[in-house]
Amino acid sequence: MPKVLITTVPFAERNSFPLEMLSSNGIDYVINPLGKKLTEAELAEMIGEFDALVAGTEPITDYVMSRAPRLKHISRVGIGLDSVDLLAAEKRGIKVSYTPDAPAPAVAELTLGLMLSLLRSVHVANAQMHQGHWHRHFGRRLAEVTVGVIGVGRIGTRVLRRMRGFGTPRILVNDILPNLELNREFKLEWSAKEDIYRQADLISLHVPLTPQTKNMIQKAQLLMMKPDALIVNTSRGGIINEQDLLEVLKSGHLGGAAIDVFNQEPYRGELASIERCLLTSHMGSMSVDCRTRMEIEATEESVRFLTGRPLNSLVPETEYNMQRQNL
């Protein structure tokens, strides 16, 4: 009987269909017994007897794969591939699938919610009210600020569409591969990142974590921004240097930040001491519908592989090429 290790947590909490799918196809499974994001060592210790992996964001390294002689398929619940050594998988003949579209609507909506919370200091007022303090904060409307969006792929484009109802007058965008077709749908200004840092009142990040984007925003970039600028990161931890953000916020620069993703998760750092820094627990994809769709799509891929059927959501060659370029 083929065996699947499910490491992502939570899994099938709101919809048991992925587990039913495995059972009905005669596939045995084990759900992450530690109930948390696994370390490299924990995953390496656990993975030896499994044929397929339904994975979260834990590090799936060459070392991990070397401890998994039966492993032939990895199915990522989500879109980010920075945790998967694709070249090691390719070398070992391990197929890799992912679910790139499933989480996008939920991440885009959380992003918009974080934007509005920052603009109106909702998070600050909430904390103050819980402490017994009544203070009415002046804020800004989305229609009255300049928004910068760095990365306009699946999620960034959805953020633009959701902002449109607020009548945002000026949107600066940046992407390494500008999609000029978007100009038919939106009134956009394609800009250098440095121009976005200097001109935008509100900046939202939607880029993958790569060697080029790691620490993309450090102290120098943060200090380029307006004194009351706001920044949102729902993409990947490591794109904003957390220590630099802490120091800049402590200095009084920036109106606030909203961070959903961190270098180390669960996050236990000092940003939690900054009142105007809104922190959420990597929950961008955690709407019931999107999370369920991610789990079902990832499980379907494992079932297809283990029952000898063609895969529908293989990671494209461009992702492998990106990792090759970074060697």
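The exercises below work through a predicted model, each with a task followed by a stepwise solution.

**Exercise 1. The sheet and its edges**

Task: Determine in which order the seven strands of the open sheet are arranged, and which strands lie at the edges.

Solution. Step 1: Reading across the open sheet, the seven strands follow the order 8-7-6-9-10-11-12, and their pairing is parallel. Step 2: The edges are strand 8, spanning 189-190, and strand 12, spanning 277-279, since each of these pairs on one side only. Step 3: At the strand 8 edge, the partner is strand 7 (residues 170-174), and the two are joined in the parallel sense over two bridges. Step 4: Within this pair, Val173 is found opposite Trp190 of strand 8.

**Exercise 2. A helix on the sheet**

Task: Identify which strands helix 5 touches, and state what angle its direction makes with that of strand 10.

Solution. Step 1: Helix 5 (residues 104-120) packs on the sheet, where it touches strand 6 (146-150), strand 9 (202-205), strand 10 (230-233), strand 11 (256-259) and strand 12. Step 2: The direction of helix 5 makes about 155 degrees with that of strand 10. Step 3: Because angles over 145 degrees count as roughly antiparallel, the value of about 155 degrees places helix 5 and strand 10 in that class.

**Exercise 3. Salt bridges between loops**

Task: For the salt bridges Arg140 to Asp228 and Arg164 to Glu185, establish which parts of the chain each pair ties together.

Solution. Step 1: The structure holds 25 salt bridges, and in the one between Arg140 and Asp228 the closest N and O atoms are 3.6 Å apart. Step 2: Arg140 belongs to the loop between helix 6 (122-130) and strand 6, while Asp228 belongs to the loop between helix 9 (219-224) and strand 10, so this pair ties together parts that are 88 residues apart in sequence. Step 3: Arg140 is partly exposed at 25% relative accessibility, and Asp228 is likewise partly exposed at 37%. Step 4: Arg140 and Asp228 also belong to a network of salt bridges that includes Asp201 and Lys226.

Step 5: In the second pair, the side chains of Arg164 and Glu185 meet with an N to O distance of 3.5 Å. Step 6: Arg164 sits in the loop between helix 7 (154-163) and strand 7, and Glu185 in the loop between strand 7 and strand 8, so the parts tied together here are 21 residues apart in sequence. Step 7: Arg164, with a relative accessible area of 42%, is partly exposed, and Glu185 is partly exposed at 31%.

**Exercise 4. A salt bridge within a helix**

Task: Explain why Arg293 and Glu297 are separated by about one helical turn.

Solution. Step 1: The side chains of Arg293 and Glu297 form a salt bridge, at 2.6 Å from N to O. Step 2: Both residues lie in helix 11 (residues 288-306) and are four residues apart, which means that about one helical turn separates them. Step 3: Arg293 has 38% relative accessibility and counts as partly exposed.

**Exercise 5. Two helices side by side**

Task: Describe how helix 1 is oriented relative to helix 11, and list the residues that make the contact.

Solution. Step 1: The axes of helix 1 (residues 17-24) and helix 11 come within 9 Å and cross at roughly 10 degrees. Step 2: Helix 1 is therefore roughly parallel to helix 11. Step 3: Helix 1 contributes Phe17, Pro18, Met21 and Leu22 to the contact, and helix 11 contributes Glu295, Ile296, Thr299, Glu300 and Val303.

**Exercise 6. Two loop residues**

Task: Decide whether Leu254 and Arg67 are buried or partly exposed, and find what each touches beyond its neighbours in sequence.

Solution. Step 1: Leu254, placed in the loop between helix 10 (242-250) and strand 11, is buried at 2% relative accessibility. Step 2: Apart from neighbours within four places in sequence, the contacts of Leu254 include Leu222, Met225, Lys226, Pro227 and Asp228, as well as Arg276. Step 3: Arg67, in the loop between helix 3 (62-66) and strand 4 (73-76), is partly exposed at 34% relative accessibility. Step 4: Not counting residues up to four places away in sequence, Arg67 touches Ala44, Glu45, Ile47 and Gly48.

Conventions
Residues numbered from 1 in each chain as written. Predicted model: local features only at pLDDT ≥ 70, side-chain atom pairs only at ≥ 80, totals over all residues. Heavy atoms only, no water. Pairing = 2+ DSSP bridges. Contact = heavy atoms within 4.5 Å. Axes fitted to C-alpha atoms, helices over the stretch in contact; angles between N-to-C directions. Salt bridge = Lys/Arg side-chain N within 4 Å of Asp/Glu carboxyl O. Buried < 20%, exposed > 50% of the residue type's maximum accessible area, 1.4 Å probe, protein only. Parallel < 35°, antiparallel > 145°, perpendicular 65-115°, else oblique.
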